[in-house]
Amino acid sequence: MNRIKDWMAQKTGGRHSLTRQVSFAMITLVAGTVFLCLILNTLFLGRFYIWNKANILSSSYQKIDAAALSGILDTDAFDIEFERLCVNNNLTIMIINSDQRTIVRSSVNDIQTMLKYFLELLSSISEASSIGDGTQPIESGDGYVIQKQKDKRMQSDYLVMWGRLSDGKWILARSALESIHESSNVTNRFLFMIGGIAIVVGTVVAGVITRRITNPILELTELSKRMTELDFEAKYTASRKYQNEIDFLGLHMNKLSAKLEHTISELKSANNELMLDNKHKDQVDEMRKEFLSNVSHELKTPLALIQGYAEGLQECINDDAESRDFYCEVIMDEADKMNTMVKKLLTLNHLEFGDDAVEMERFDVTELIEGVVNASSILLQQNGITVQFDSSQPMYVWADEFKIEEVMTNFLSNAIHHAMYEKKISIFYTRKEGCVRVSVFNTGNPIPEEDLDKVWIKFYKVDKARTREYGGSGIGLSIVKAIMDSMHQRCGVCNCDGGVEFWVELDSRSSGEVAEGG
């Protein structure tokens, strides 16, 4: 639950998330820049404008003075240059002869008004000098002065340049300062508008950029969490178009994840093999003890019989030929039982330890069962048992034919020895998906429920007296179980009405289905 909460907090953006931090930094930067521009614009734009205009006036004076020295000031050759100075720099310029009456050049049509302003300007400058009002010029050069002046008639501030040219002519130039205030206000409003738009756009851009950065980081975070939980299925998906540092980190984490998975898999495999070895060792020890106990128990009775009858022969208890033949038959019969049991034990040992290779092939199990039934026909007739089996339809299966023959022989032999009452044996098929169940049913007493799972244990006998009667060793069904396990197929037993059913399941898929499924 805590993990889910952490993940949701990261996805939605927590208080200290990278997305919020970058967005806040972007907004602060844009807002701070706009605010700083407003302060600088309010405090220094006017001063910069006056300083720039003073430079323009000074430069204009130099050009006009150069024209006066070269004698082209009042000629047509200087008309275009003079007009360019006035228009491009937004200047009003008037050049007056030294007598202060004749106008040499003027950028305004109302010459008389401009001349009157010039005379008033000179008069006001003289008065200011006489009373010492402390007005300081903005710039003073050789022959000119630039200062801020108020036009009383227009009630407007101007930057005025006045002075004398090298040829003695007077020059008057001025530029209105009111436009700078309007420009400052317009600029501030414009900055507010642009600043707001920049903050909105910056926020969106910051969100998009940080998402592109944080989403891979969140993916790497989730990947690292799953790695700590030994879940190596998750992989980082790098960008196909671009590969940045995060992508390289993710690719290296994928390699680390694969390496860890491989290493842990090897460790688990080694640990599992060690556990299996220990378990196998314990099983072998237990099987050895159980085997010695069971074999000694099973061999005790036939050895005792053989010994007893052999001693009887030696001591000539009965001298007649018929008794000697009976004694010899008992000894041979018990020896044959011991030989059969030893062979079965060897077979079971090979199966359990995997020494007997399984050769899978496709064959007709109906034909195989028919052969097993025919081979047991004499034993069936001797015991008065009838077998019901439909051999008209073939049934093809995948298995080891010789091992299945042994399975069916054991089933049929077991059914013959336990058939009672009606003494009937029924062999039939039950089709299933991908397999067929082969069942062998015999009439007789049911197996106790507590013994159903134990019949596959070697040397286990439900009815020891009856087993001894027909010479059973208790190994046949154990061989059946080992054979079916070696082919990875199932076998089982169940009580039915009137008897007991033993069954095995065999692969009945066609060759094409086996190839696809395999």
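Trainee: Why is Lys432 called partly exposed?

Mentor: Lys432 has a relative accessible area of 37%. Buried means under 20%, exposed over 50%, and partly exposed in between, with a 1.4 Å probe and protein chains only. A value of 37% falls in between, so Lys432 is partly exposed. Before we go on, this is a predicted model, in which local features need pLDDT of at least 70, side-chain atom pairs count only at pLDDT 80 or more, and totals for chains, interfaces and linings use all residues. Residues are numbered from 1 along each chain as its sequence is written, and side-chain values use heavy atoms, with hydrogens and water left out.

Trainee: How do you know that Lys432 forms a salt bridge with Glu505?

Mentor: Their closest N and O atoms are 3.1 Å apart. A salt bridge needs a side-chain nitrogen of Lys or Arg within 4 Å of a carboxyl oxygen of Asp or Glu, so this pair qualifies. Lys432 lies in strand S10 (residues 424-432) and Glu505 in strand S13 (residues 499-507), so the bridge ties together parts 73 residues apart in sequence. Strands here are DSSP runs of E with at least two residues, while helices are runs of H or I with at least four, numbered from the N terminus.

Trainee: Why is Glu505 called buried?

Mentor: Glu505 has a relative accessibility of 6%, which is under the cut-off for buried, so the name fits.

Trainee: What makes Arg490 and Glu505 a salt bridge?

Mentor: The closest N and O atoms of Arg490 and Glu505 are 3.4 Å apart, and that is within the limit, so the pair counts. Arg490 sits in the loop between H12 and strand S12 (491-496), so its bridge to strand S13 joins parts 15 residues apart in sequence. Lys432, Arg437, Arg490 and Glu505 are linked in a network of salt bridges. A search of the whole structure finds nine salt bridges.

Trainee: Where do Asp485 and Lys481 lie?

Mentor: Both are in helix H12 (residues 476-486), four residues apart, about one turn of the helix. Their closest N and O atoms are 3.0 Å apart, another salt bridge. Asp485, at 41%, and Lys481, at 29%, are each partly exposed.

Trainee: Why is there no disulfide between Cys496 and Cys494?

Mentor: A disulfide is a pair of cysteine sulfur atoms within 2.5 Å. The sulfur of Cys496 is 4.0 Å from the closest cysteine sulfur, which belongs to Cys494, so they are too far apart for a bond. The search of the whole structure finds zero disulfides.

Trainee: What makes Glu322 part of a negative surface patch?

Mentor: Asp320, Glu322, Asp325 and Glu329 form that patch. Patch residues have over 30% relative accessible area and no salt bridge; like charges are joined within 9 Å, and nonpolar side chains (Val, Leu, Ile, Met, Phe, Trp, Tyr) within 5 Å. Asp and Glu count as negative, Lys and Arg as positive, and His and the chain ends are not counted. Each charge is placed at NZ of Lys, CZ of Arg, CG of Asp or CD of Glu. Glu322, in helix H7 (residues 321-352), has a relative accessible area of 66% and is exposed, so the 30% cut-off is passed.

Trainee: How do you know that Ile209 is partly exposed?

Mentor: The 42% relative accessibility of Ile209 lies between the cut-offs, so the label holds. Ile209 is in helix H5 (residues 178-228), as is Val205. Both belong to a nonpolar surface patch with about 780 Å² of accessible area together, computed by the Shrake-Rupley method with a 1.4 Å probe, only the protein chains shown counting as cover for residues.
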